[in-house]
Protein chains: 2
Amino acid sequence: MKFCSECGESVQLRIPEGDNRERFVCGACQTIHYQNPNAVVGTIPLHVDESGQPLVLLAKRGIEPRHGYWTLPAGFLENGETSAEGALRETIEETCAKVENLQLYRVLNVARTNQIHIFFRAHLPEPSFTTTPESTEVKLFPFEQIPWRQLAFPTVHQALRDFVDEYPDGPFTPAMHDITRQSWHELDY
Amino acid sequence: MKFCSECGESVQLRIPEGDNRERFVCGACQTIHYQNPNAVVGTIPLHVDESGQPLVLLAKRGIEPRHGYWTLPAGFLENGETSAEGALRETIEETCAKVENLQLYRVLNVARTNQIHIFFRAHLPEPSFTTTPESTEVKLFPFEQIPWRQLAFPTVHQALRDFVDEYPDGPFTPAMHDITRQSWHELDY
């Protein structure tokens with residue numbers, strides 16, 4: 001940030017009065033420009049086929065970051081949305097899959113990138129999905145074929161690992177984890 | 001937002017190519033300025049006194065919005081923090097109370113104000129706290145004396161109501177709720 005979004009003059013990084021952190025403050029109109037973490041919301045779409053086999057829907061990323069790696073459908077929460085509405089929208093945008101019955105599952109802090117990721121368990125009643133501008137491949141995976149080493153993000157790894165480990169008996173109790181570089185490497189492949 | 005924070009030229013509200021929402025886009029350098037929801041993090045500080053009575057710590061707001069109303073300690077998550085770190089910091093900043101053993105309890109979507117509020121249950125081992133620049137009064141309340149009609153925010157109301165209703169047997173399972181104008185009025189006073 002270099003210029004004030006309210007008046008167009010230069011901003012400086014300084015600690016405002018009564019604060020204890022550096023903020024971008026306008027030298028002219030004195031507006032303080034706070035910068036805060038973003039929320040990423042996504043789903044773990046589960047489809048159970050006619051033989052009773054559980055399958056999870058993953059998308060191969062067609063955009064950066066992590067182009068070519070596999071992910072659960074997820075993206076930035078938009079203004080005016082609830083977390084579940086955002087997760088549903090992202091799932092449609094990335095896979096054209098219509099999931100139902102979203103249940104809060106994991107809240108993951110990624111302090112290093114200023115993000116909170118929220119994943120919902122979700123039911124995919126019909127095995128209906130397609131590639132999209134954001135995904136070059138969309139595919140249902142039996143758990144034993146999940147490409148663990150080709151997953152795009154540590155939060156996807158954590159949420160999916162926990163889900164597969166708990167399936168089918170649960171209890172699927174919502175929980176929060178902190179994601180660090182270390183924690184990703186410690187995940188059991 | 002009126003000016004580009006990267007180059008200082010005017011921004012226009014329009015739908016960028018490949019997007020489906022209006023964003024502020026710079027007419028000169030073409031930077032897209034996304035605006036996304038913020039996270040608010042806080043605690044439900046519980047102190048159990050020598051007689052075994054449970055008490056919850058509330059702060060009377062000395063700043064706007066909702067000056068003069070009672071709140072659980074909470075505030076905006078900062079970059080570089082986990083949710084629990086932020087909730088701990090806000091509790092200290094608003095009440096000087098040092099809580100321990102934070103446990104995820106409620107995730108509350110407030111789509112109307114573009115916010116997600118995350119509340120943790122927390123243990124307050126010592127009844128030690130003071131007023132602060134943000135709080136004109138800080139006080140431990142027996143549950144039957146909680147000023148329900150003088151609470152500052154619907155999210156505080158929801159988290160505290162759920163906690164008191166579940167106390168002491170739990171199960172205190174983390175859960176998500178959507179907060180609407182309607183849902184606040186429906187809360188049982």
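**Talking through a predicted two-chain model**

Tutor: Let us start with one loop in this predicted model: Pro168(B) sits in the loop that runs between α2 and β11 (175-178) of chain B.

Student: Which residue is joined to Pro168(B), and by what kind of peptide bond?

Tutor: Tyr167(B) is joined to Pro168(B) by a cis peptide bond, with omega at about 0°. In general, most peptide bonds are trans. Chain A offers a cis peptide bond as well, between Glu64(A) and Pro65(A), where omega is about -5°, and Pro65(A) belongs to the loop between β5 (54-61) and β6 (70-71) of chain A.

Student: Back to the loop after α2, then. What is the phi of Phe172(B)?

Tutor: Phe172(B), which lies in the loop between α2 and β11 of chain B, has a positive phi of about 55° although it is not a glycine. As background, most residues other than glycine have a negative phi.

Student: And is Phe172(B) buried or exposed?

Tutor: Phe172(B) counts as buried because its relative accessibility is 12%, and the cut-off for that word is under 20%. In chain A, Phe172(A) is found in the loop between α2 (154-166) and β11 (175-178), has a positive phi near 55°, and is buried with a relative accessible area of 12%.

Student: How are the two chains related, by what rotation and shift?

Tutor: A rotation of 180° with 0.0 Å of shift along its axis places chain B on chain A with an RMSD of 0.0 Å, and the two copies are therefore related as by a two-fold rotation axis. The same surface serves both copies, since 100% of the contact residues of chain B recur in chain A.

Student: OK, new topic. How many helices and strands does chain A have?

Tutor: Chain A has three helices and 11 strands, and along the sequence they come in the order β-β-β-β-β-β-β-α-β-β-β-α-β-α. The C-alpha atoms of chain A fill a box of roughly 70 × 35 × 30 Å along the principal axes, and buried residues make up 50% of its 189 residues.

Student: What about charges, how many positive and negative side chains are there in chain A?

Tutor: There are 16 positive and 26 negative side chains in chain A, and the centres of the two sets lie 7 Å apart. Chain A exposes about 9000 Å², of which carbon and sulfur atoms supply 48%.

Student: How many residues of α2(B) are buried?

Tutor: In α2(B), 12 of the 13 residues are buried, so that this helix is mostly covered; among them are His157(B), Arg161(B), Asp162(B) and Phe163(B). Helix α2 of chain B, residues 154-166, reaches 18 Å from its first C-alpha to its last, close to the 18 Å expected at 1.5 Å a residue.

Student: And which residues are buried in α1(B)?

Tutor: The buried residues of α1(B) include Ser83(B), Arg89(B), Glu90(B) and Glu94(B), and just after this helix Cys96(B) takes a positive phi of about 60°.

Student: Last one: what does Ala59(B) contact, leaving aside its neighbours within four places in sequence?

Tutor: With those neighbours left aside, Ala59(B) is in contact with several residues, including Tyr69(B), Trp70(B), Glu94(B), Thr95(B) and Ser135(B). Ala59(B) lies in strand β5 (residues 54-61) of chain B and is buried, with a relative accessible area of 0%. Measuring from C-alpha to C-alpha, Ala59(B) and Cys4(B) are 39 Å apart in space and 55 residues apart in sequence.

Technical notes. Residues numbered from 1 in each chain as written. Chains lettered and ligands numbered in written order. Predicted model: local features only at pLDDT ≥ 70, side-chain atom pairs only at ≥ 80, totals over all residues. Heavy atoms only, no water. Least-squares fit on C-alpha atoms with pLDDT ≥ 70 in both. Contact = heavy atoms within 4.5 Å. Buried < 20%, exposed > 50% of the residue type's maximum accessible area, 1.4 Å probe, protein only. Helix = DSSP H or I, 4+ residues; strand = E, 2+ residues; numbered from the N terminus. Areas by Shrake-Rupley, 256 points an atom, 1.4 Å probe, with all protein chains shown as cover. Lys, Arg positive; Asp, Glu negative; His and termini not counted. Charge placed at Lys NZ, Arg CZ, Asp CG, Glu CD. Expected span 1.5 Å × (residues − 1).
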